[in-house]
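Colleague: I would like to go through this model and ask what backs each label. Ready for some short questions?

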Amino acid sequence: MSDILAVNDLTVSYAGDESVSGLSFSLKEGEILCIVGESGSGKSTILKAVAGLLSSDGEIRGGQILFGNADLTSISDSDLRKLLGSEIGMVFQNAGASFHPMRTIRDQLYEIQRTAGKMDRSVFEKKAEGLLESFGLANPKRILDSYPFELSGGMQQRVGIAAAMLLSPRLLLADEPTSAVDVMIQRRVVEELLLARKDYGAAILMVTHQMGVVRRMANQVLVLKDGRAVEYGPVDQVLRTPKADYTKKLLAAEPRLRRA
Ligand code: ADP
Ligand code: MG
């Protein structure tokens with residue numbers, strides 16, 4: 001099976017300072033790759049580079065980001081915009097911040113799907129309501145009619161995740177999607193992402209600091225330190241027999257949760 005995403009020798013810098021150096025990894029259909037590493041190691045930078053969303057001082061200095069046959073480091077802005085939202089979905093740590101404050105959730109979700117031209121209105125409404133409900137939002141019609149400020153941060157986050165999944169993207173980029181929600185919601189989000197993989201073979205590139213989430217979801221783990229991969233391989237191998245001292249330290253620092 002061919003790769004959905006192949007990152008080859010990627011180097012990214014901000015105002016000349018390298019944040020990600022010579023990084024390579026790949027993802028096939030239905031695979032989940034979790035990136036772990038301490039704060040500032042370059043995790044978000046990788047996802048932003050893939051999505052073409054680096055801030056203006058950020059620059060891809062070398063390497064390729066292949067999505068199928070397209071190299072995302074060199075495709076036109078309009079071609080990239082077409083992929084984002086339809087073929088590539090994104091969930092950020094603070095998904096609520098990406099909503100426009102003065103428009104209803106319904107309008108904003110509908111716009112995502114209309115831009116991609118994937119479904120008609122009634123199919124869209126059903127799918128959106130179903131996704132919101134699966135994330136534990138009991139009254140999805142009311143959520144759709146809300147403005148962002150009428151929803152709590154946790155609700156906005158769940159709506160943001162639903163928005164990213166609305167178009168069944170082949171690749172989902174998720175930057176700490178569950179760090180701001182409570183444990184019950186975390187579980188639902190994880191289950192929903194796993195369903196996306198099972199139902200239509202979504203590949204997921206996810207940043208998380210929660211080793212429990214890594215264990216539950218990942219096929220592969222990439223351990224990042226100072227913008228470089230110190231370890232990259234199948235989840236069992238990396239978590240059970242870590243080679244790098246840094247990985248051992250990360251695992252040792254993991255809080256021991258009491259079992260419920
Ligand atoms: P992580 O997500 O692992 O916490 P980031 O990718 O956000 O790390 O940041 C990696 C490094 O790049 C950090 O040293 C950070 O300070 C730097 N960095 C991130 N964004 C910018 C920016 N817009 N301008 C300058 N430096 C940045
Ligand atoms: Mg980050």
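Modeller: Start with Gly-40, in this predicted model. A backbone N or O atom of Gly-40 lies 2.7 Å from an oxygen atom of ligand 1.

Colleague: What makes that pair of Gly-40 and ligand 1 a polar contact?

Modeller: The cut-off is 3.5 Å between N or O atoms. The Gly-40 pair stands at 2.7 Å, so it counts. Ser-41 also offers a backbone N or O atom, 3.2 Å from a ligand 1 oxygen, so that pair counts too. Ser-19 uses a polar side-chain atom, at 2.7 Å from an oxygen of ligand 1.

Colleague: How much of ligand 1 does the protein bury?

Modeller: Taken alone, ligand 1 exposes 560 Å², and the protein buries 61% of that.

Colleague: How do the residues of the shell around ligand 1 divide?

Modeller: Into 1 nonpolar, 8 polar and 3 charged. The residues there include Tyr-14, Glu-38, Lys-43 and Asp-57. Tyr counts as nonpolar, and Glu, Lys and Asp as charged. Helix H1, residues 43-51, gives the most to this shell, with 3 residues.

Colleague: Why are E4 and E5 called paired strands?

Modeller: Pairing needs at least two bridges. E4 (residues 58-67) and E5 are joined by 2, so they pair, and they run antiparallel. Leu-66 has Asp-71 in E5 as its bridge partner.

Colleague: What makes E2 and E5 edge strands?

Modeller: The open sheet has the order E2-E1-E4-E5. Strands E2 (17-28) and E5 (70-71) each have a single partner strand, so one side of each is left without a neighbour in the sheet. H1 packs on this sheet, touching E1, E2 and E4.

Key
Residues are numbered from 1 along each chain as its sequence is written. Chains are lettered from A and ligands numbered from 1 in the order in which they are written. This is a predicted model: local features need pLDDT of at least 70, side-chain atom pairs count only at pLDDT 80 or more; totals for chains, interfaces and linings use all residues. Side-chain values use heavy atoms; hydrogens and water are left out. A residue is near a molecule or strand if one of its heavy atoms lies within 4 Å of it. A polar contact is a pair of N or O atoms within 3.5 Å; within protein, one must be able to donate a hydrogen and the other to accept it, and residues adjacent in sequence count only if both atoms are side-chain atoms. Accessible areas come from the Shrake-Rupley method with a 1.4 Å probe; for residues, only the protein chains shown count as cover. Helices (H or I, at least four residues) and strands (E, at least two) are DSSP runs, numbered from the N terminus. Contact means heavy atoms within 4.5 Å. Axes are lines fitted to C-alpha atoms, for helices over the stretch in contact, and angles run from 0 to 180 degrees between N-to-C directions.
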